[in-house]
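Subject: The structure I promised

Hi,

Here is the structure we talked about, ready for you to open. Have a look first, then read on for my notes.

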Amino acid sequence: MLTSSLPSPTLLTADTLPAPVMAGRDFLSNLDMTSAELRSVLDTAASMKRGEWRGVKPLAGLSLALVFEKASLRTRTTFDVGMYQLGGHAITLSNQEIGLGQRERVSDVARNLERWVDGIMGRVYLQQTLHELADHACVPVINGLSDMLHPVQLLADYQTIEEELGSAAGKRVVYIGDGNNLANSHIHMGVLSGSDVTIVTPVGYEPNGGVLQGALKRGAAVTLTNDLAAVEGADVLYTDVWISMGQEAEADIRRRAFQGYQVTPQMLETIAPDGIFLHCLPAHYGEETVPEATEHPKSRVFDQAENRLHAQKALLYHLLGAAKPRW
């Protein structure tokens with residue numbers, strides 16, 4: 001029988017857990033944390049992935065509402081499993097059940113949920129919906145995705161970058177494609193991590209101007225370009241779909257605009273020798289990338305997807321870990 005040569009993880013106990021660094025706060029943007037808090041969350045995520053938290057259930061007795069306006073595989077599964085592994089409970093609420101802003105006012109949904117659960121995760125169309133939930137709920141609200149930002153994804157992304165490259169500081173992270181919520185959140189992570197972020201988009205599809213200007217004012221190293229040559233030598237090459245949910249009417253126009261921006265194995269040969277390729281998934285194969293790229297030796301796409309679980313568990317602990325069960 002084969003036995004592992006790896007050392008057993010040192011299990012944490014209730015007395016040796018790190019202190020939650022964001023207790024009771026909302027997480028609507030990566031900039032809702034400091035660089036030091038990001039460091040704590042990523043360190044916790046790595047510790048969880050090593051198996052050091054198996055002996056503790058720090059969220060026992062706590063519940064998280066998962067509110068979905070948009071379909072989900074990774075967000076739903078990882079938040080649900082994450083709460084279970086930490087000893088808590090998650091309840092999934094589809095938009096057919098809630099009807100945010102239609103069947104009920106967003107503020108009323110918030111005021112109801114805060115009476116029953118200890119946190120709310122929303123995967124929604126509009127960033128404003130999350131702000132309304134946060135304004136009217138006394139429990140932490142987490143951005144699981146909006147039109148403006150996708151901050152929980154970036155936690156998993158940077159955990160993956162650190163696993164592969166040691167540190168994100170000074171590394172050249174190149175995002176290619178649509179200047180969407182992922183591009184905006186990459187810019188925010190450049191502020192927090194010290195990475196050198198380049199956003200490569202076709203003309204007219206640049207990221208949010210306010211996000212970019214805010215990052216530059218804070219001293220972030222962010223470059224915006226339409227030149228595909230910027231991909232060469234990247235430590236991290238990242239892409240996302242060209243047509244997000246809700247943009248289906250623009251599909252043909254977008255496909256024409258993004259010609260040449262597809263990540264292929266040939267493009268991956270131009271990045272740094274130890275560079276990696278990331279995609280938040282789902283992939284629209286034949287558009288922003290091809291199967292041969294996500295299965296390429298430089299791809300860490302499925303490690304990145306796994307890290308959604310670890311990074312979000314770490315976030316949940318640091319937001320909810322100081323809360324006490326109400327019953």
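A salt bridge here means a side-chain nitrogen of Lys or Arg within 4 Å of a carboxyl oxygen of Asp or Glu. By that rule, the structure holds 15 salt bridges. Keep in mind as you read that this is a predicted model.

One of those pairs joins Glu 37 and Arg 25, whose closest N and O atoms are 2.9 Å apart. Glu 37 sits in helix α1 while Arg 25 belongs to the segment before α1, so this pair ties together parts that are 12 residues apart in sequence.

Now for the overall layout. The domain assignment splits the protein in two: domain 1 covers 30–149 plus 307–321, and domain 2 covers 153–303. Their C-alpha centres lie 24 Å apart. Where they touch, domain 1 brings 27 residues to the contact and domain 2 brings 24.

How much area do the two domains bury between them? It comes to about 2,200 Å², with 58% of it on carbon and sulfur atoms. On the domain 1 side, Asn 30, Leu 31 and Asn 307 stand out: they supply 28% of the area that domain 1 buries against domain 2, more than any other three residues.

There is charge pairing across this boundary too, with 2 salt bridges counted between domain 1 and domain 2. If you want a pair to click on, try Arg 39 and Glu 162, which form a salt bridge with their closest N and O atoms 2.8 Å apart. Polar contacts between the domains come to 9 residue pairs, counting those with both residues at pLDDT 80 or more.

Which helices help build the side of domain 1 that touches domain 2? Both α1 (35–49) and α12 (301–320) supply at least two residues each. The largest share, 8 residues, comes from α1. By type, the residues on that side of domain 1 divide into 14 nonpolar, 6 polar and 7 charged.

UniProt has something to say about the regions as well, though the entry is unreviewed. It places a feature called "Aspartate/ornithine carbamoyltransferase carbamoyl-P binding" at residues 25–163. Over residues 25–163 the chain is 47% helix and 16% strand, and the end C-alpha atoms are 27 Å apart. A second feature in the unreviewed entry, "Aspartate/ornithine carbamoyltransferase Asp/Orn-binding", is listed for residues 170–319. That stretch, 170–319, is 37% helix and 15% strand, with 28 Å between its end C-alpha atoms.

Two backbone details are worth a look while you have the model open. The peptide bond joining Leu 281 and Pro 282 is cis, with omega at about 0°. You'll find Pro 282 in the loop between β9 (276–279) and α11 (291–294). The other is Leu 145, in strand β4 (residues 141–145). Its phi is near 155°, a positive value in a residue other than glycine.

That's my tour. Shout if anything is unclear.

Cheers

Definitions and conventions
Residues are numbered from 1 along each chain as its sequence is written. This is a predicted model: local features need pLDDT of at least 70, side-chain atom pairs count only at pLDDT 80 or more; totals for chains, interfaces and linings use all residues. Side-chain values use heavy atoms; hydrogens and water are left out. Domain bounds come from an automatic or database domain assignment. Contact means heavy atoms within 4.5 Å. Buried area is the accessible area (1.4 Å probe) that two parts lose on being put together, summed over both. A polar contact is a pair of N or O atoms within 3.5 Å; within protein, one must be able to donate a hydrogen and the other to accept it, and residues adjacent in sequence count only if both atoms are side-chain atoms. Helices (H or I, at least four residues) and strands (E, at least two) are DSSP runs, numbered from the N terminus. Ala, Val, Leu, Ile, Met, Phe, Trp, Tyr, Cys and Pro count as nonpolar, Asp, Glu, Lys and Arg as charged, and the others, Gly among them, as polar. UniProt positions are given in the numbering used here, feature names are shortened, and annotations may be inferred rather than shown by experiment.
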